[in-house]
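Colleague: I would like to learn how to read a structure like this one. Could we go through it feature by feature?

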Amino acid sequence: MYQNLALYIDGEFISGDGRKTEPVTNPATLEVLGHLPHATTADLDRALNSAARAFETWRHSSPMVRSEILRKVGQLSRDRAQEIGRNMTLDQGKPLAEAVGEIVSCADHADWHAEECRRIYGRVILPRSPEVRQMVLREPVGVCAAFTPWNFPYNQAIRKVCAAIGAGCTIILKGPEDTPSAVMAIAQMFHDAGLPPGVLNIVWGVPSEVSDHLVRSPIVRKVSFTGSVPVGKHLAALAGAHMKRVTMELGGHSPVLVFDDADVPRAAKMLAKFKLRNAGQVCVSPTRFYVHDKVYDKFMSDFTDTLKSVVVGNGLEPETQMGPLAHARRVPVMEQFVQNAIELGGKVVLGGERLEGVGHFFKPTVVTDLPEHAMLMTEEPFGPIAPIARFSDTDDVIRRANSLPFGLSSYVFTNSLQTATKVSNALEAGMVNINHFGSALPETPFGGIKDSGIGSEGGLETFDGYLVTKFVTHV
Ligand code: NAD
């Protein structure tokens with residue numbers, strides 16, 4: 001049994017009923033799992049009107065009510081993690097343990113927002129004259145339109161939904177059409193937790209058509225997107241043309257700096273496992289490896305040995321450690337990265353090709369000796385490929401790490417406090433991880449700078465994108 005697929009509008013689950021549908025496919029077996037209904041223009045308008053209507057009540061709801069619903073969703077996430085995780089493995093491909101782990105860790109996101117939504121404060125500003133009172137209020141921005149991707153279907157959606165709902169906004173979410181089960185499960189949980197109709201609406205369709213309709217609508221006051229840089233720039237420009245607020249969580253090309261004083265075997269093992277998480281389809285995946293000359297050989301042998309030991313296969317098999325790529329279209333993209341590397345003199349040390357047989361599988365791949373302008377060093381691979389380069393000078397490697405227009409995550413391995421401080425001050429990135437991987441917890445802000453985005457999700461910053469500031473003064 002796979003997840004029932006539907007639209008969720010004004011508190012109702014709406015199935016096909018003659019609407020256009022698209023098949024949802026298992027990337028490991030190519031089996032068709034179900035058919036996803038596309039929203040018609042009338043459905044989108046109904047979602048907009050229902051979100052606008054619900055906002056008039058929800059904006060004044062007690063934070064205690066919002067908090068209670070979010071807490072229930074946290075608990076339901078834990079209760080249903082196995083079932084939701086299994087469906088996510090079926091449509092997205094990641095190993096079952098990763099999928100279930102995503103759901104369970106997202107329960108913490110719901111809990112965090114349940115707690116923090118009770119702490120949305122304003123302030124009082126001392127007046128120049130004693131009879132004046134001056135207050136700063138934080139109010140929900142209004143109806144939000146959100147667009148979430150297929151790599152972490154549950155995580156990416158629940159963060160936006162919890163932040164919007166906790167702030168007193170209403171939201172229309174277009175989830176990923178290729179991996180819809182987790183977003184359907186979110187709708188079911190909020191429904192079961194007693195969320196009033198219209199506060200959350202889920203729609204599906206051709207992404208550019210749905211976003212165009214929603215972002216242009218005067219009802220929508222805020223746009224939140226997680227996905228690729230080109231689509232993010234397009235949506236931010238469209239939102240800007242209509243003076244709407246945006247949160248943009250976009251791609252990166254995260255540099256990893258391994259210094260000669262690092263614990264190299266530990267770094268190599270940790271990085272190899274982290275690299276293959278979700279088959280490398282992670283926006284904060286380590287993607288450009290710079291390893292100090294003095295430890296390069298040791299790092300390479302430990303790193304490739306760990307990659308070789310990883311079992312690739314269907315995510316439902318208990319021994320699988322890396323699943324397929326989520327789409328057919330990502331496999332030729334991986335081949336293109338490798339082909340470009342070879343043409344520019346790069347050496348494929350491991351993998352470099354698709355796995356024969358059914359499914360969108362690509363082998364864990366290591367490429368070295370690349371020039372800085374190679375595709376792999378300038379474009380996010382978003383797959384199981386690790387390009388590895390050497391360095392010998394700290395200032396030079398900082399320059400290379402900062403040389404791209406992206407600024408999402410970054411990783412440093414060193415046992416020198418001086419180096420850690422220097423490099424974390426110098427790296428142009430929204431997140432710097434030193435000697436471990438610590439991003440994406442609910443209590444810590446997650447977001448990029450430069451082309452990697454605008455705004456943060458999580459942390460105390462989580463509601464900033466969903467609130468507007470109003471100044472009130474009276475005598
Ligand atoms: P893509 O750019 O076609 O799509 C990325 C996501 O945006 C998808 O979920 C898609 O449905 C959505 N999308 C596309 N056009 C849209 C539009 N006009 N309006 C609203 N949503 C739209 O790329 P892809 O082939 O799906 O993925 C490849 C690239 O996307 C990767 O290389 C990676 O850089 C990026 N990506 C990033 C993240 C992230 O978490 N930052 C997640 C998924 C994909």
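Colleague: Of the contacts in the chain with a separation of 6 or more, what share comes from residues 24 or more positions apart?

Modeller: Bear in mind that this is a predicted model. Residues 24 or more positions apart account for 73% of those contacts.

Colleague: Which secondary structure elements does the chain have, and how many of each?

Modeller: There are 13 helices and 22 strands. The radius of gyration is 23 Å, close to the 23 Å that the globule rule gives for 475 residues, so the chain is as compact as a globular protein of that length. Along its principal axes, the C-alpha trace spans about 70 × 65 × 40 Å.

Colleague: What percentage of the residues is buried?

Modeller: Buried residues are 57% of the 475 in the chain. The area that the chain exposes is about 18900 Å², and carbon and sulfur atoms supply 53% of that area.

Colleague: How many charged side chains are positive, and how many negative?

Modeller: The chain has 47 positive and 52 negative side chains. The centres of these two sets lie 5 Å apart.

Colleague: How many disulfides does a search of the whole structure find?

Modeller: A disulfide is a covalent bond between the sulfur atoms of two cysteines. Here the search finds zero. For Cys106, the nearest cysteine sulfur is that of Cys162, 8.4 Å away. For Cys283, the nearest is that of Cys106, 13 Å away.

Colleague: Is Cys106 buried or exposed?

Modeller: Cys106 counts as buried because its relative accessibility is 0%. Cys283 has a relative accessibility of 14%, so Cys283 counts as buried too. The cut-off for buried is under 20%.

Note on methods. Residues are numbered from 1 along each chain as its sequence is written. This is a predicted model: local features need pLDDT of at least 70, side-chain atom pairs count only at pLDDT 80 or more; totals for chains, interfaces and linings use all residues. Side-chain values use heavy atoms; hydrogens and water are left out. Helices (H or I, at least four residues) and strands (E, at least two) are DSSP runs, numbered from the N terminus. The radius of gyration is taken over C-alpha atoms; the globule rule is 2.2 Å times the number of residues to the power 0.38. Buried means under 20% relative accessible area, exposed over 50%, partly exposed in between (1.4 Å probe, protein chains only). Contact means heavy atoms within 4.5 Å. Accessible areas come from the Shrake-Rupley method with a 1.4 Å probe; for residues, only the protein chains shown count as cover. Lys and Arg count as positive and Asp and Glu as negative; His and the chain ends are not counted. The place of a charge is taken as NZ of Lys, CZ of Arg, CG of Asp or CD of Glu. A disulfide is a pair of cysteine sulfur atoms within 2.5 Å.
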